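Subject: Structure handover

Hello,

Here is the structure you asked to look through. My notes follow below it.

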Amino acid sequence: MAESLSVTSQPKKLCLSYTGGKDCTLTLHLLSARPEKYNIVSLITFTPATTKPFLAHPQHLIKLQSLALNLPHQFLSVTPPYVESYRSLIVSCNIDGLATGDILDVCNRFMDRVVESTDIELVRPLWERERTELIEEIFNLEFEVLISCVNLEKIKEEVARKLVGNILTRDLYENVILKQDVDGCGEMGEYHSMVLNAPLFKKRIVIKKGKQTISEDGKFLFFEVQECEAVDKS
């Protein structure tokens, strides 16, 4: 009888769709904890070519995060028609799967439609999980999370000013955010964040100068990061 050979499967090669926020950074940590199954080879940030820079996720800060994480990163410019543009860019990455920090379907199955007719798997470890459970994981992992932007059409300005530019703490989450009629993780765009430190960060990011600013259209209060740097962890 021929001797059977055991075949060891290789971990799936993934890119992570990365904006620098708490959800995609939590996704990075959860998938990195399973090296036998997943290998995150790069961070990618999709940037619309025809719009102004993201207020909630400053590109210079995302680049600093990738350096702190010691992971390759690239900005990928998308153009209409967006489904086809995203698909072409993702396929060009030569990967087995695309990881995202999505929790809910807020864009009419957009990413599902992007990977349709491809061999690329959509990997979403936060999908439909309880918000309190996800926030608890973030606190337990001791993420340092800067609240970078609040939608003033969903949260009153006086409340927004208690959030923007501050670090997300348990007290701020329980006594301010949860008191609003919003998704606890901001999945409907109520608020956004940027991670300054986490277990996988080789360096931590320090904001040296910044200010609260209202967007030109008056719809958002965001934290304008004017000076920041990555420093050694003490």
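The accessible surface of the protein chain comes to about 12,300 Å². Carbon and sulfur atoms account for 49% of that surface. Please keep in mind that this is a predicted model.

Overall build

Buried residues make up 47% of the 234 residues in the chain. Seven helices and nine strands form its secondary structure. Along the principal axes, the C-alpha atoms fill a box of roughly 75 × 45 × 35 Å. The radius of gyration is 19 Å. A compact globule of 234 residues would have a value near 17 Å, so the two agree. Look at the contacts with a separation of 6 or more: 71% of them join residues 24 or more positions apart.

On charge, the chain carries 27 positive and 33 negative charges. Their mean positions lie 4 Å apart.

Cysteines

How many disulfides does the structure hold? Zero. Cysteine 15 is in no disulfide. Its nearest cysteine sulfur belongs to cysteine 93, 4.3 Å away. A disulfide needs the two sulfur atoms within 2.5 Å, so this pair does not count as one. Cysteine 15 is also buried, at a relative accessible area of 3%.

Cysteine 185 is likewise in no disulfide. For cysteine 185, the nearest cysteine sulfur is that of cysteine 24, 12 Å away. Cysteine 185 has a relative accessible area of 2%, which means it is buried.

Helix α1

Cys24 belongs to the buried residues of helix α1. This helix spans residues 22–32 and is mostly covered. Nine of its 11 residues are buried. Besides Cys24, they are Lys22, Asp23, Thr25, Leu26, Thr27, Leu28, His29 and Leu31. Note that the list includes charged-type side chains such as Lys22 and Asp23.

Serine 193

Serine 193 sits in strand β7, residues 191–197. Is serine 193 buried or exposed? Buried: its relative accessible area is 4%, under the 20% cut-off. Setting aside neighbours within four places in sequence, serine 193 is in contact with Gly20, Gly21 and Lys22. Its other contacts on that count are His57, Val145, Leu146, Ile147 and Ser148. Lys22 is also one of the buried residues of α1.

Aspartate 102

Aspartate 102 lies in the loop between β4 (97–99) and α4 (110–115). The residue is partly exposed, with a relative accessible area of 26%. Which residues does aspartate 102 touch, not counting those up to four places away in sequence? They are Met111, Arg124, Leu126, Trp127 and Glu187. Glutamate 187 is 85 residues apart from aspartate 102 in sequence. In space, their C-alpha atoms are 8.0 Å apart.

Lysine 233

Where does lysine 233 lie? In the segment after β9 (220–232). Lysine 233 is partly exposed, with a relative accessible area of 34%. Leaving out neighbours within four places in sequence, lysine 233 is in contact with Asn197, Ala198, Pro199 and Phe201. Lys202, Lys203 and Arg204 are also in contact with lysine 233. Isoleucine 205 is 28 residues apart from lysine 233 along the chain. The C-alpha atoms of that pair are separated by 9.3 Å.

Best wishes

Notes:
Residues are numbered from 1 along each chain as its sequence is written. This is a predicted model: local features need pLDDT of at least 70, side-chain atom pairs count only at pLDDT 80 or more; totals for chains, interfaces and linings use all residues. Side-chain values use heavy atoms; hydrogens and water are left out. Helices (H or I, at least four residues) and strands (E, at least two) are DSSP runs, numbered from the N terminus. The radius of gyration is taken over C-alpha atoms; the globule rule is 2.2 Å times the number of residues to the power 0.38. Buried means under 20% relative accessible area, exposed over 50%, partly exposed in between (1.4 Å probe, protein chains only). Contact means heavy atoms within 4.5 Å. Accessible areas come from the Shrake-Rupley method with a 1.4 Å probe; for residues, only the protein chains shown count as cover. The place of a charge is taken as NZ of Lys, CZ of Arg, CG of Asp or CD of Glu.
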